[in-house]
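Q: Could we go through this model together? I would like to begin with the interface and then turn to the aromatic rings.

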Protein chains: 2
Amino acid sequence: MGNIVNTNAAYLAKRCADLGAVCYFQEVVGDNPKRLKETVKLALSRADAVLLTGGLGPTQDDLTKQTMAEIFGRKLCRDEVTCEALKAYFKKRGIACTENNFRQADIPEGAEILPNNNGTAPGIHIFDEAKHVFLMPGPPNEMKPMFEESVAPKLSELSGGVIYSEMVKVCGIPESTAETMISDILENQSNPTIAPYAKLGEVHFRVSAKASDKEHAMALTEPVVKELKKRFGAAVYTTCEKEQLEDAVIALCKEHGYQITTAESCTGGLISARLVNVSGASTCFGRSFVTYANEAKVEELGVSEETLRKFGAVSEETAREMALGAQKHGKVEVAVAVTGIAGPTGGTPEKPVGLVYVACAVKERVWVRRYWFGGDRTKNRENTTTVALAMARNCILEYDGITYHQEML
Amino acid sequence: MGNIVNTNAAYLAKRCADLGAVCYFQEVVGDNPKRLKETVKLALSRADAVLLTGGLGPTQDDLTKQTMAEIFGRKLCRDEVTCEALKAYFKKRGIACTENNFRQADIPEGAEILPNNNGTAPGIHIFDEAKHVFLMPGPPNEMKPMFEESVAPKLSELSGGVIYSEMVKVCGIPESTAETMISDILENQSNPTIAPYAKLGEVHFRVSAKASDKEHAMALTEPVVKELKKRFGAAVYTTCEKEQLEDAVIALCKEHGYQITTAESCTGGLISARLVNVSGASTCFGRSFVTYANEAKVEELGVSEETLRKFGAVSEETAREMALGAQKHGKVEVAVAVTGIAGPTGGTPEKPVGLVYVACAVKERVWVRRYWFGGDRTKNRENTTTVALAMARNCILEYDGITYHQEML
């Protein structure tokens, strides 16, 4: 019906590519036994392995297992271990476990159970007539870990080679500039390949090499990663796939023994929440200030009423006072403040929707930058969050005298 | 390769449903003539109309038109009007128009050209052997307007009917319980159909009816939506597709003239940020408190040091004092507070990772509930955010004497 965007397909295609498994077809089909059967049979006729997501839940229209059992002529048997796990799961949460829920413990005879550590429906691996079929739950937060833990190792084994990749993550340089800076490398790539991914306010370069084993693949990527780091300098905040900008900011604060806080208007807590994404953030993050109303900016941060009256809430002056106020009231070394017009209403010709001021105080120094994002409310707030984190990192480094190529976005 | 999420498919599926055209299959295939031909032939064998996106560009791997021409046994002819439009387009932008670009003016003989007002590649409509094929460009900003202007009117004509749907969104009731509550309706559905979607702490039921026109389709959905609302009572927070839980909370606060605030530990600002998602939140939201460290809980919210010492930061007592402190310091009627162990570290046998206390103060009353989520850091924090919003809604209603079936999640 189109109310869910299929992000699972993109995730699996990408991971298959990483693992050296070529994915030629993706198909989406509704919860209808006849069409599902037709689709799976077609997939089995043209591939060595078929990955399915969704339809493993406890309700009547979750019919993937039933259909697979029919295709392979197997019975569904209730798995006692899974039943016990389900009972424990529901008991722990104080919820009644209905008969429906036990349907999730029905497994095609002879199939392997793939544990689900993030939900109730286990995954299933069927190996039959030289074909591998993997059934995984639909919710991405259950599917992804199951894929990584149970499916990826098998696919890698099947594809007969490994792909090793590192991600060079660059912030503060627009995509086109970044690509120009390494155009000679991009033009002559073969193994490793270099794929640029433009992200909001960031560019990521995935450097992937294929070889017979991980060690050889790593040896191929290493010199390229080194060269990219040399070209981009301090704008590279990580080469680790899993690390986000907030990890880099927290790591930098830890390294310096700094405490950090935020003062947020239009983002409403998004920057703060990003910092708290980092496990162990507590060593350098203790509190932050969400001051959406003018009154709150005055009372919580000590922004002067005159500044608000004279320059408005969305101004360089207010952003500066917010950062300084948060630094003082939060008793910290580093404070990031944002104030902007997220939209869709509230814009004027002088201060249009998408106008944002970001201020950053590091000890006795303060920086303020003006940005304009021409997106909708959600996009403007997300953009603001990213540039605020990038700016915190940038200002902490600049305070130490480390500068790098950085453009306004 | 998985570096692009297929949002076109979701858009087209949704719009087809709106127009009464049933979409049973979606297929994704790479730029390979043999596989593309196989895929299109299969699609033609099972549908009255086939929508294709992408592959209309000027480069060698844009081979959709060539492949379609082969399938239908037609020649590609260069269209003069399109050539002139291309020349004008490039001239206006001061870019040289290369020979490659004119490939975009090649049209299968006898096909209808669909104008592209947002890019250079025109769309194409082929009608052959009682089947309709629509070729549209891949970039969403070109595809969507072309679909609306040229394809949608034709599909609507072909389908001879419309589908109208409403979304009954329920919070606070687990999926299996919710389905049991309406199992008699689910078992006897035909037109309208009822499709359940389990979300984090929520269940959504899409009620869709097909009829000759929108009015008749609405008349079919109405009694079913009414019955669901009766069964679930106040647990239904909206029947509008676009409305989220935070919209319902803000709407309820506006209705009551309440101001709302949050006091957040493990969520780090996520609840606050959800409230600020709502455009116009400023009428009832002015500030919130992110108090991650104990010191901040004491200083910003007035939580007593004794409470923290005696019961710990993650306790019923601390949650209650956080809510009351936020209510007092924020000068508001409604305050939601959360404190929990997000993980992956910090858990103990008595207080495991995933344990969360949520407190809600409405005027002089306070509720505190204990939840346990067995997920990772991200999931625990997202779950906490959802239950906190659901609880705010629930407590505001309960204060008015409106109660409904609600289970701990």
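**Interface and aromatic rings**

A: About 5500 Å² is buried between chain A and chain B, and carbon and sulfur atoms give 52% of that area. Buried area is the accessible area (1.4 Å probe) that two parts lose on being put together, summed over both. This is a predicted model in which local features need pLDDT of at least 70 and side-chain atom pairs count only at pLDDT 80 or more, while totals for chains, interfaces and linings use all residues. Residues are numbered from 1 along each chain as its sequence is written, chains are lettered from A and ligands numbered from 1 in the order in which they are written, and side-chain values use heavy atoms, with hydrogens and water left out.

Q: Which residues of chain A lose the most area to chain B?

A: They are A:M1, A:R93 and A:R287, which together account for 12% of what that side buries.

Q: And how many residues are in contact?

A: In chain A, 67 residues are in contact with 73 residues of chain B, contact meaning heavy atoms within 4.5 Å.

Q: How many salt bridges are there between the chains?

A: There are twelve between chain A and chain B, each defined as a side-chain nitrogen of Lys or Arg within 4 Å of a carboxyl oxygen of Asp or Glu. One of them joins B:E295 to A:K331, with the closest N and O atoms 3.2 Å apart.

Q: Which elements of chain A supply the side that touches chain B?

A: Among those that each supply at least two residues are helices α1 (7-18), α2 (33-46) and α15 (377-399), and strands β1 (25-29) and β13 (287-291). Helices (H or I, at least four residues) and strands (E, at least two) are DSSP runs, numbered from the N terminus.

Q: Turning to the rings, how many aromatic pairs are there?

A: The count is nine over all chains. Rings of Phe, Tyr and Trp (its six-membered ring) pair if their centres lie within 6.5 Å; planes under 30 degrees apart count as stacked, over 60 as edge-to-face and the rest as tilted. A:Y89 and A:F90 form an edge-to-face pair, 5.6 Å centre to centre with 75 degrees between the planes.

Q: Is A:F90 buried or exposed?

A: A:F90 is buried, at 7% relative accessible area, whereas A:Y89 is partly exposed at 26%. Buried means under 20%, exposed over 50%, and partly exposed in between (1.4 Å probe, protein chains only).
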